[in-house]
Amino acid sequence: MRLLTATQFAFNIGFYAVLPYLATHLGSGLGMAGWLVGLVLGLRTFSQQGLFVVGGALTDRYGPRPVVLAGCALRIAGFGWLAFAGSTATVIAAVLLIGFAAALFSPAVESEAAREAVRHERAAGSPRAHVLALFSAAGQAGAFLGPLLGSLLLLLGGGFRAACLAGALVFVAVLAGHARLMPHRERVRDVPEAEAETAATTPTAQPGRPALRAVFANRAFLLLCLAYSGYLVAYNQLYLSLPVEVQRATGSEAALGWLFALSSLLVVAVQLPLTRFSARRIAPRTALITGLAVVAAGFAAVPLTPAGPRGLLPAATFVVLLTLGQMLLVPAARGLVPDLVEDRQLGLATGALSSVSGIAVLAGSAATGALLDVSAPVRWAVLAAVPLTGAVLAFTLPAGRGGKEPGARAVAG
């Protein structure tokens, strides 16, 4: 678990040194129209989140180590390509490669983290959401340092290319570290359902069509995917709508890195105590619904918040509420997955959770990019409806296992 947590930290340093500045590079640097910027960002999210199911299935079949190493190698190539890409076609190709790299390594790391969290819950009685919150907090610590690294490189005159190359170097270090430290894990043959509970200590069986059918025919799991999609579509606005708001308020995007740092610092400081409180007192479904409602409130508050110092108060309000909602809902959603699917399908289901969300982001990104030309109150009201719809869908889910609910594991069909 220490290796997985350190992995998440390093991944986000390299990733967030580049991503917050991509929209500006596409628009101002390469002269792309707003809808095309939105489409490129959506393709990046789809190639990552939308293809998580591929990485999850490969993890179930081969174990996490080769999948993580392949993903790191592709991320290095993608960042190097993006640093020198100058046309729409080459930018899209590089962005797709960057996203697909994460579609390999992220579900491998996240499914192993979920498996370790379940093991720790059974052994020590500590809620799995608390272990997953530690994993998330490490990732956000990396997301705190990444934008600052990117901002520093921009201030020093290195530009977007230097940020890309710095991100690639981070992944070179991650690749070298994992090649040395990540253990080999043997995959196991498919096991009968009665033995599924004992399979938590090993990577699961190679998936096939029956596993795909079992996951995608699971009504409760699909509802969780749709509810989580509302969050991911909302979260993508950090890279699309937030830069526009900062530009409108201040005349530049210089403060963008600090707003990303504020979000990450909140997670580092508040994630563990907040999750400790919610995991022991409320059911995962309640935490998921509450988190989505808080995210919706963040969007609704933007046009209602009066301008503060340097005009950044509305943007800061949005970032704070989005982050608080994220801290509630992400560990709850990930903690629900092992309750809704069999353990031997955990990698596939972890990938599918993000894949369905990635498809939703792809479908909505060009539309939200077009909303950039609409008046701010209308734009933010429409965006607020997305996570609010997810909260409504979450009401139909099973409650899940909270800190006070040590009962039998629920498997929905």
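**Aromatic pairing and helix packing in the predicted model**

Both Phe11 and Phe171 are buried, a term reserved for residues under 20% relative accessible area with a 1.4 Å probe and protein chains only. The model is predicted, with local features requiring pLDDT of at least 70 and side-chain atom pairs pLDDT 80 or more, while totals for chains, interfaces and linings use all residues. Residues are numbered from 1 along each chain as its sequence is written, and side-chain values use heavy atoms, leaving out hydrogens and water.

Across the whole structure, 10 aromatic pairs are found, where rings of Phe, Tyr and Trp (its six-membered ring) pair if their centres lie within 6.5 Å. Phe11 and Phe171 form one such pair, which is stacked (planes under 30 degrees apart), at 5.7 Å centre to centre and with 10° between the planes. This pair links distant parts of the chain, with Phe11 in helix H1 (residues 2-16) and Phe171 in helix H8, 160 residues apart. Ring pairs also join Phe11, Phe79, Phe105 and Phe171 into a cluster.

Helices here are DSSP runs (H or I) of at least four residues, numbered from the N terminus. Helix H5 (residues 64-84) packs against helix H8 (residues 159-181) at an angle of about 165°, with the axes 8 Å apart; H5 is therefore roughly antiparallel to H8, as angles over 145 degrees are so classed. By class, the contact of H5 with H8 has 17 nonpolar, two polar and four charged residues, with Asp, Glu, Lys and Arg counted as charged, Ala, Val, Leu, Ile, Met, Phe, Trp, Tyr, Cys and Pro as nonpolar, and the others, Gly among them, as polar.

Technical notes:
Axes are lines fitted to C-alpha atoms, for helices over the stretch in contact, and angles run from 0 to 180 degrees between N-to-C directions. Helices (H or I, at least four residues) and strands (E, at least two) are DSSP runs, numbered from the N terminus. Angles under 35 degrees count as roughly parallel, over 145 as roughly antiparallel, 65 to 115 as roughly perpendicular and the rest as oblique. Rings of Phe, Tyr and Trp (its six-membered ring) pair if their centres lie within 6.5 Å; planes under 30 degrees apart count as stacked, over 60 as edge-to-face and the rest as tilted. Buried means under 20% relative accessible area, exposed over 50%, partly exposed in between (1.4 Å probe, protein chains only).
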